[in-house]
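Me: Got a minute to go through a model with me? I'll paste it here.

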Amino acid sequence: MASFRVNISLLLFLSWVFIASAADVGYGSKSTFEKPELNKGKFLTSLIGIQGLVLRKRAVARIKCTCVDEYEYETAPFSFLSGATDPEGYFFATLSPYEVEENCKIKECRAFLELSPLGTCEVPTDVNKGISGGLLSSYRFLDEKKMKLFTVGPFFYTSGPKSTSNGY
């Protein structure tokens with residue numbers, strides 16, 4: 001029980017550190033926070049970046065977006081992968097307006113846990129919607145990079161259920 005409390009305390013502390021550090025990722029540029037209006041105009045008028053934290057080295061996140069066409073009919077969703085997380089668990093993915101079909105207005109995007117290469121810790125959890133999909137809902141605009149920067153997570157993997165020696 002004490003180990004569980006220590007793990008929860010560590011997770012809360014790491015979440016706080018990630019949120020505090022993500023709030024200061026302006027790269028020396030002026031940034032503003034905005035709530036996207038997904039249904040007004042073309043959502044993807046500039047480069048978008050998705051950053052997050054997965055508490056697992058070399059893990060990969062999937063970003064899945066749904067679009068509507070010029071007649072407001074939903075089209076087939078598309079997805080793309082982030083690069084592998086760095087040693088601290090940070091991932092980053094980008095989507096350019098040139099990678100999206102001409103008449104596609106992005107309706108919404110979500111980030112998911114995709115892959116953990118470590119066999120000892122490969123079971124995804126739905127903490128911060130790592131399985132059901134963390135919605136990209138607000139962003140900071142990085143003027144110098146002309147980028148809308150979204151932050152999701154942190155996401156977590158855990159080890160699989162432990163089997164007992166008597167088969168139960």
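Me: Let's start with a cross-strand pair: which residue does Ile63 stand opposite in β4?
Reply: Ile63 sits across from Phe80 in β4. Keep in mind that this is a predicted model.

Me: OK, and how many bridges do β3 and β4 pair over?
Reply: Four bridges, with β3 and β4 running antiparallel.

Me: What order do the strands of that open sheet come in?
Reply: The order is β4-β3-β6-β8, four strands with antiparallel pairing. At the edges are β4 (78-81) and β8 (134-135), each of which pairs on one side only.

Me: Switching topic: how many disulfides turn up in the whole structure?
Reply: The search finds one. The disulfide links Cys65 and Cys109, with an S to S distance of 2.1 Å.

Me: Which parts does that pair tie together?
Reply: Cys65 is in strand β3 (residues 60-68) and Cys109 is in strand β6 (residues 105-115), so the link connects parts 44 residues apart in sequence.

Me: Is the link of Cys65 and Cys109 right-handed or left-handed?
Reply: Right-handed, with 110 degrees about the S-S bond.

Me: And are Cys65 and Cys109 buried or exposed?
Reply: Both Cys65 and Cys109 are buried. Across the protein chain, buried residues account for 36% of the 168 residues.

Me: Zooming out, how many helices and strands are there in the protein chain?
Reply: One helix and 11 strands. Along the sequence the helix comes ahead of the strands, in the pattern α-β-β-β-β-β-β-β-β-β-β-β.

Me: What about the surface the protein chain exposes?
Reply: About 10400 Å², with carbon and sulfur atoms supplying 57% of that.

Notes
Residues are numbered from 1 along each chain as its sequence is written. This is a predicted model: local features need pLDDT of at least 70, side-chain atom pairs count only at pLDDT 80 or more; totals for chains, interfaces and linings use all residues. Side-chain values use heavy atoms; hydrogens and water are left out. A disulfide is a pair of cysteine sulfur atoms within 2.5 Å. Helices (H or I, at least four residues) and strands (E, at least two) are DSSP runs, numbered from the N terminus. Buried means under 20% relative accessible area, exposed over 50%, partly exposed in between (1.4 Å probe, protein chains only). Two strands pair if DSSP finds at least two bridges between them. Accessible areas come from the Shrake-Rupley method with a 1.4 Å probe; for residues, only the protein chains shown count as cover.
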